[in-house]
Amino acid sequence: MHPDIHLPLHHARAAELRAEAGPRPARRPDLRTRLGWTLVEVGLRLAARPGTATAH
């Protein structure tokens, strides 16, 4: 098989699979984003506390 045919075949198969799967359920990306940033904030606060870093 010629190498240039793989990408169009991949796109065609992906379109078929998306059509079979139907619509995606709605999800809440806001909750995931807020949780991630909260974890970052907590980590930064823990790292900035005096006495948490050990210097030898």
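How many salt bridges does a search of the whole structure find? The search turns up two, counting a side-chain nitrogen of Lys or Arg within 4 Å of a carboxyl oxygen of Asp or Glu.

This is a predicted model, where local features need pLDDT of at least 70 and side-chain atom pairs count only at pLDDT 80 or more, while totals for chains, interfaces and linings use all residues. Residues are numbered from 1 along each chain as its sequence is written, and side-chain values use heavy atoms, leaving out hydrogens and water.

**View 1. The whole protein, with two helices and zero strands.** Helices here are DSSP runs of H or I with at least four residues, strands are E runs of at least two, and numbering goes from the N terminus. Of the 56 residues, just 2% are buried (buried is under 20% relative accessible area, exposed is over 50%, partly exposed is in between, with a 1.4 Å probe and protein chains only). The protein exposes about 5700 Å², and carbon and sulfur atoms supply 63% of that. Areas come from the Shrake-Rupley method with a 1.4 Å probe; for residues, only the protein chains shown count as cover.

**View 2. Helix α1, residues 6-21.** From first C-alpha to last, the 16 residues of α1 reach 22 Å, close to the expected 22 Å at 1.5 Å a residue (the expected span is 1.5 Å times one less than the number of residues). Right after α1 comes Gly22, with a positive phi near 85 degrees.

**View 3. The Glu16–Arg13 salt bridge in α1.** These two side chains meet at 3.2 Å, N to O. They sit three residues apart, about one turn of the helix. Glu16 counts as partly exposed because its relative accessibility is 44%, and Arg13 is also partly exposed, at 42%.

**View 4. The Arg45–Glu41 salt bridge in α2.** Here the closest N and O atoms are 2.7 Å apart. Arg45 and Glu41 are four residues apart in α2, so about one helical turn separates them. Arg45 is exposed at 58% relative accessible area, whereas Glu41 is partly exposed at 39%.

**View 5. A nonpolar surface patch of Trp37, Val40 and Leu44.** Together the three have about 350 Å² of accessible area. To join a patch, residues need over 30% relative accessible area and no salt bridge; nonpolar side chains (Val, Leu, Ile, Met, Phe, Trp, Tyr) are joined within 5 Å, like charges within 9 Å. Trp37 belongs to helix α2, residues 29-48, and counts as exposed because its relative accessibility is 60%.
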